[in-house]
Amino acid sequence: MLDLSALVPVDLHYQVSKLLSDYVECIDDDRLEEWPQLFVEDCLYQVIARENADRGLPTSAMYCDSRGMLRDRVVALRHANIYAKHYYRHVLSNVNVKGVQDGEVLVQSNYVVLQTLVEGDTKVFNAGKYLDRIVATPDGLRFKRKVVVFDTYRIPNLLVTPL
Amino acid sequence: MNAIREPALGHLRWPTAGGSQVPYGVFTDPAIYELEQQRLFRGDAWSFVALEAEIPASGDYKSTFVGDSPVVVSRAEDGSIHAYVNRCAHRGAAICRELRGNVQNHTCVYHQWAYDLKGNLIGVPFRRGLNGQGGMPADFDMKKHGLQKLRVDAYAGLVFATFSDSVEPLQDYLGPMPCKAIDRIMSRPITVLGDQRQYVAGNWKLYAENTRDPYHASLLHLFHCTFGLYRSSQKGVSVMDAKRRHSMLTAMRGTDEGKVDGYQDTRTYNTDFTLADPSVLAGKPDFDDGVTLVILAVFPNLVVQQIANTLAVRQIIPRGVDKFELVWTQFGYADDDSEMQAIRNKQGNLIGPAGLISMEDGEAVEIVHRSIIRDQDQTSYIAMGGEQAKDAEHLVTEGSIIGFWEYYREVMGWAA
């Protein structure tokens, strides 16, 4: 297991960036079954519109407080939900490692998700920020808490794949 | 004058007198969209605009729409609620440029004309000119230049507005069935939990059909059905008001054990889908009548829902012939304890544009709209339950959809 306090900042930044890259790659490359594995068992994954987050209101597009719920999301979208075939492409920037607090790395970053539907044109689907709390585990860094605050509060048709 | 070109309604052919076969042109013809704005949204109908709980204090306001007309809903100092078109009486600029907020008065940023919370004009800069030059005409009367006001009324915390001077009072417009359903859900003070906005590339009436359709819900929404949140084999009803413009479907979870054989010819059970964490389905009854699902569709633009412990109003805002916005405002009760708050929070995964049991409705609308752009005189075929606008003590019916179309034809002035 990594000793967080022994890491020099550049190492920590590298490890965090790697986790974030793994996160967007498993979504964008449609390896969604791997997505829950980037979280600890007792995690929080929340996708919330900025208009609610700014008012301190809880209504979320997705609210999962265990890795099991993340797995269920993936299983549901593979086997239960009906939606148009689409691709996501995340563009991630401003990865800002804010510090380490009680064994958790606090990170904020920006994302843009481009969506390509079967007709072939690519559109900006959603933009926002990630507020992450990341912990060290025997398997490497994992998300303890990932709050996705999306600026694009009008969702075109539906939001099925995680952001 | 706002004279709107009268579309030749006769150019679309309804093959039957009733509402069981709908020419696709009603979903795609821009002239029909214009006429709907005039006869439905600015006609004798009450449109839902807000929950009272969204604007609890003096000066609170919310920007919204009646049909596609921008409207501000505002609470005045005396507690009364007002609605007016979001358009300055001077040159037409929007006076409210935020979704919501709290103000002492509304001031247009363009030339700073100011209005009180009831929409009356209270200030015009340079009214008497500057240094004896310029200024408004001597006979300028502030009272004649207020914002365009709508009639407003509220029922059990739901605020409605109308452009019509002739529509019946709100409670009469709603009628006994919707009032009873609203009374049940709004029986205790509520707390707003937040909003979700879903933008759907289809005609708004496809969603009006969808919410009057108990038949699709257990076939399209596999998550719903697999976990017994809703199945057509459950006890439930599909009922309408006397004019068949509003409708309600209800279901009772846990009433179809051993009676689900009818699903053998569907894709519904062709899955070994189980939940790793079933806590999303855990809840506590909000009501003691056993009803676990209510979809109340109030003509023309409101859906009031109870799905398990999720409570919400959905406002339908038409944005043109081929798109509409759905604003979900979720709420709980003011006396919810922390356990109940957590339940509603987690069950929020079921509803809205990312909802495990509701996301497909936008998809259903879009796959219809994309396929009907040609062959405008060809029609849908709505026959489940007997091709009639009838109430049913079961859920294998499309009767409420037919009722909607029959009322729609009447309001639009289409010969029966």
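Buried denotes a relative accessible area under 20%, exposed one over 50%, and partly exposed anything in between. The views described below are drawn from a predicted model.

**Figure 1. A salt bridge joins strands E4 and E5 of chain A**. A:Glu104 has a relative accessibility of 16% and therefore counts as buried. Its salt-bridge partner is A:Arg133, with the closest N and O atoms 2.8 Å apart. A:Glu104 belongs to strand E4 (residues 104-117) and A:Arg133 to strand E5 (residues 122-137), so the pair ties together parts of chain A that are 29 residues apart in sequence. A:Arg133, at 26% relative accessibility, counts as partly exposed.

**Figure 2. A network of salt bridges in chain A includes A:Arg31**. Through shared partners, salt bridges join A:Asp28, A:Asp29, A:Arg31, A:Glu34 and A:Arg89 into one network. A:Arg31 pairs with A:Glu34, the closest N and O atoms being 2.6 Å apart, and also with A:Asp29, where the N to O distance is 3.8 Å. Relative accessibility is 31% for A:Arg31, which counts as partly exposed. A:Asp29 is likewise partly exposed, at 40%, and A:Glu34 is partly exposed at 35%. Over all chains, the count comes to 37 salt bridges.

**Figure 3. The interface of chain A and chain B contains a salt bridge between A:Glu51 and B:Arg100**. The side chains of A:Glu51 and B:Arg100 meet at 3.0 Å, N to O. Between chain A and chain B, 5 salt bridges are counted. Side chains of opposite charge can pair when their charged atoms come close. Across this interface, 25 residue pairs are in polar contact.

**Figure 4. Helix H3 gives the most residues to the side of chain A that touches chain B**. In total, 35 residues of chain A are in contact with 39 residues of chain B. The two chains bury about 3200 Å² between them, and 50% of this area is on carbon and sulfur atoms. Across the interface, the rule finds 25 residue pairs in polar contact, both residues at pLDDT 80 or more. On the side of chain A that touches chain B, helix H2 (50-53), strand E2 (62-64), helix H3 (67-79) and strand E7 (154-156) each supply at least two residues. The contribution of helix H3 of chain A is 8 residues. By residue class, this side of chain A divides into 19 nonpolar, 8 polar and 8 charged residues.

**Figure 5. B:Thr211 is found in a loop between two helices of chain B**. The flanking elements are helix H5 (204-210) and helix H6 (217-220). With a relative accessibility of 3%, B:Thr211 counts as buried. The side chain of B:Thr211 reaches the backbone oxygen of B:Ala208 at 3.2 Å. Not counting residues up to four places away in sequence, B:Thr211 touches B:Leu249, B:Ile295, B:Ala297, B:Val303 and B:Arg314.

**Figure 6. A:Cys26 and B:Cys88 are cysteines in no disulfide**. A disulfide is a covalent bond between the sulfur atoms of two cysteines. Over all chains, the count comes to 0 disulfides. For A:Cys26, the nearest cysteine sulfur is that of A:Cys43, 13 Å away. For B:Cys88, the nearest cysteine sulfur is that of B:Cys108, 4.0 Å away. The cut-off for a disulfide is a sulfur pair within 2.5 Å, so this pair does not qualify. A:Cys26 counts as buried at 1% relative accessibility, and B:Cys88 counts as buried at 4%.

How values were computed:
Residues numbered from 1 in each chain as written. Chains lettered and ligands numbered in written order. Predicted model: local features only at pLDDT ≥ 70, side-chain atom pairs only at ≥ 80, totals over all residues. Heavy atoms only, no water. Buried < 20%, exposed > 50% of the residue type's maximum accessible area, 1.4 Å probe, protein only. Contact = heavy atoms within 4.5 Å. Buried area = accessible area lost by both parts, 1.4 Å probe. Salt bridge = Lys/Arg side-chain N within 4 Å of Asp/Glu carboxyl O. Polar contact = N/O pair within 3.5 Å; in protein donor to acceptor, adjacent residues only side chain to side chain. Helix = DSSP H or I, 4+ residues; strand = E, 2+ residues; numbered from the N terminus. Nonpolar A, V, L, I, M, F, W, Y, C, P; charged D, E, K, R; others polar.
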